[in-house]
Amino acid sequence: MLQSSRAVYRELTALWQQAVRDPTSLSGVVAAVYGRVKHYFFGKQLRDGIWVVVGKEKEYIVEPDEGVCTCPDSFFRVLSGEKCYCYHLHAVKVAWVLGSFQVVVEQENRLVMCLLEWLT
Ligand SMILES: [Zn+2]
């Protein structure tokens with residue numbers, strides 16, 4: 001989806017203002033700017049791809065449309081209502097706006113292995 005430069009500017013401004021107020025958002029901006037967001041595609045499977053953020057200890061799957069992530073912070077604090085989101089989710093949003101994510105195309109038969117790696 002192409003956005004006008006004005007819309008991108010408004011979105012970036014909102015994301016930056018959020019980052020200034022909230023350390024979780026700032027960590028997301030840093031992750032996005034440093035290229036730690038990847039968008040994986042596996043042939044014809046999962047045509048929308050899988051968003052993955054390289055975290056401090058491992059890689060986590062992020063589903064931005066659902067607002068969920070596989071990291072412990074999301075599991076313990078977001079699902080309990082203590083926080084609204086983890087920094088990985090914010091990183092995907094920032095990377096999407098900036099176009100600062102890496103596209104990774106894998107063979108279809110690598111899907112299960114990658115999922116096992118990310119989820120264990
Ligand atoms: Zn997370």
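Where is the place of Lys83? Lys83 is in the loop between α3 (72-78) and α4. Keep in mind that you're looking at a predicted model. From that loop we'll move on to helix α4, then to the core and the strands around β1.

**Lys83 and its loop**
- Lys83 counts as partly exposed because 15 other C-beta atoms lie within 10 Å, and a residue needs 20 or more to be buried, or 12 or fewer to be exposed.
- Set aside the neighbours within four places in sequence, and Lys83 is in contact with Thr24, Arg77 and Val78.
- Take Thr24: Lys83 and Thr24 sit 59 residues apart in sequence, yet in space they're 9.5 Å apart, C-alpha to C-alpha.

**Helix α4**
- After the loop comes helix α4, which covers residues 87-98 and has 12 residues.
- From first C-alpha to last, α4 reaches 16 Å, close to the 16 Å expected at 1.5 Å a residue.
- Most of α4 is covered, with 9 of its 12 residues buried.
- The buried ones are Tyr87, His88, Leu89, His90, Ala91, Val92, Lys93, Val94 and Ala95.
- What do those buried residues of α4 pack against? Their partners are two helices, α1 (5-21) and α2 (23-33), plus the strands β1 (37-42), β2 (45-54), β3 (59-63) and β4 (68-69).
- Just past the end of α4, Gly99 takes a positive phi of about 70°.

**The nonpolar core**
- In soluble globular proteins, nonpolar side chains tend to be buried together.
- Here, the largest nonpolar core has 23 residues, and Ala32, Val37, Val53, Val62, Ala91, Val92 and Ala95 have the most contacts inside it.
- Two or more residues of this core come from each of α2, β1, β2, β3 and α4.
- The top contributor is α4, which gives 6 residues.
- For a closer look, try Val62: not counting residues up to four places away in sequence, Val62 touches Trp51, Val53, Cys69, His88, Leu89 and Val92.

**Strands around β1**
- β1 and β2 run antiparallel and are joined by 5 bridges.
- The hairpin of β1 and β2 has 2 residues between the strands, and Gly43 there takes a positive phi near 55°.
- β1 also pairs with strand β5 (residues 102-106), this time in the parallel sense, over 5 bridges.
- Which residues stand opposite Phe42? In β2 the residue opposite Phe42 is Gln45, and in β5 the residue opposite Phe42 is Glu106.

How values were computed. Residues are numbered from 1 along each chain as its sequence is written. This is a predicted model: local features need pLDDT of at least 70, side-chain atom pairs count only at pLDDT 80 or more; totals for chains, interfaces and linings use all residues. Helices (H or I, at least four residues) and strands (E, at least two) are DSSP runs, numbered from the N terminus. The expected span of a helix is 1.5 Å times one less than its number of residues. Two residues are in contact if their C-beta atoms, placed from the backbone, lie within 7 Å. A nonpolar core is a set of buried Ala, Val, Leu, Ile, Met, Phe, Trp, Tyr and Cys residues joined through C-beta atoms within 7 Å. Two strands pair if DSSP finds at least two bridges between them.
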